[in-house]
Amino acid sequence: MKQDATRNAAYTVDCEDYVHVVEFNPFESGNSGNLIAYGGSNYVVIGTCTFQEEEADVDGIQYKTLRTFQHGVRVDGIAWSPETRLDSLPPIIKFCTSAADMKIRLFTSDLQDKNEYKILEGHSDFINGLVFEPKEGQELASVSDDHTCRIWNLEGMQTAHFVLHSPGMSVCWHPEETFKLMVAEKNGTIRFYDLLAQQAILSLESEQMPLMSAHWCLKNTFKVGAVAGNDWLIWDITRSSYPQDKRPVHMDQACLFRWSTVNENLFATTGYPGKMASQFQIHHLGHPQPVLIGSVAVGSGLSWHRTLPLCAIGGDHKLLFWVTEM
């Protein structure tokens, strides 16, 4: 392995608490591409960050908190709505969270007087993934340890409900064909559902367990990646229902998998929070070894910047950012 692969974060932002989850806004709507959200033990912070890689007059990182939302319970997941806009008057901030009390909270704010949230109840166990429909943002999907995937409208009503064979770990919406939904299960099966017909249309098999995280590559939707056991796995869904490529990556079990939003060959994985051994890695499908190994004592959450090859992870009273070459 190259000696320079292990490195500290390029940038850090101090936070008031341990950060459990972090999400860059993935949508380009309305000048909101530099929005970031992170969740702690009982709050969500919405902020903006600009990096020197995108603006020459910025030295390192320029971070600003826009608003802190009291949450009352630990934040486990955050999903941005495509309706979020910073350039409207007033601005619209819309996102949802999953929490330790098995409820989904849908937040709407104008960053001034209007700060509302609605509670969506129905799951009977921990929620492991949630995502907004990416075009209109009028529905959201969630998966849970209760062996279900549920589709909700913004009123909080369930519009569809799929029974799974094991805990649902990840859920992703197709960026263009919004009737297609991907659901990854802990038993190693990844299914694609047609939401119009409300049935499964394709499945992939990892042949190893537990599958902890899977992600649909938005730059090339024929590619799916996941971590199961100690390995990362990549599928080309046009070629086989079994992985095209796999490699051992984290000594004591892998935790999260996320594709880069700017390069279909670039992805990141994390090991379990609190374990030191090779906690965070960035991989390129053209390289046999990780192109970057992040040196981080603890960390949770993982998110890619929308337009830069830059990753964020939550840490102990910190947000940590790594930049890699394309």
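In this predicted model, aspartate 87 pairs with arginine 85 in a salt bridge whose closest N and O atoms lie 3.3 Å apart. Aspartate 87 is partly exposed, at a relative accessible area of 45%, and arginine 85 is likewise partly exposed, at 32%. This pair belongs to a wider set of charge contacts, as the structure holds 13 salt bridges.

Another of these contacts joins aspartate 14 to lysine 318, with 3.9 Å between the closest N and O atoms. Here the salt bridge links distant parts of the chain: aspartate 14 sits in strand S2 (residues 11-18) and lysine 318 in strand S28 (residues 310-323), 304 residues apart. As for their surroundings, aspartate 14 is exposed, with a relative accessible area of 60%, whereas lysine 318 counts as partly exposed at 32% relative accessibility.

A further salt bridge is formed by lysine 180 and glutamate 177, the closest N and O atoms being 2.4 Å apart. Lysine 180 has a relative accessibility of 23%, so it counts as partly exposed; glutamate 177 is also partly exposed, with a relative accessible area of 32%.

Charge is found on the surface in another arrangement too. Glu53, Glu54, Glu55 and Asp57 gather there in a patch of negative charge. One member of the patch, Asp57, is placed in the loop that runs between strand S5 (43-51) and strand S6 (61-70). The relative accessible area of Asp57 is 68%, which means that this residue is exposed. Patch members must have over 30% relative accessible area and no salt bridge.

Key. Residues numbered from 1 in each chain as written. Predicted model: local features only at pLDDT ≥ 70, side-chain atom pairs only at ≥ 80, totals over all residues. Heavy atoms only, no water. Patch = residues over 30% accessible without salt bridge, like charges linked within 9 Å, V, L, I, M, F, W, Y side chains within 5 Å. Areas by Shrake-Rupley, 256 points an atom, 1.4 Å probe, with all protein chains shown as cover. Salt bridge = Lys/Arg side-chain N within 4 Å of Asp/Glu carboxyl O. Lys, Arg positive; Asp, Glu negative; His and termini not counted. Charge placed at Lys NZ, Arg CZ, Asp CG, Glu CD. Helix = DSSP H or I, 4+ residues; strand = E, 2+ residues; numbered from the N terminus. Buried < 20%, exposed > 50% of the residue type's maximum accessible area, 1.4 Å probe, protein only.
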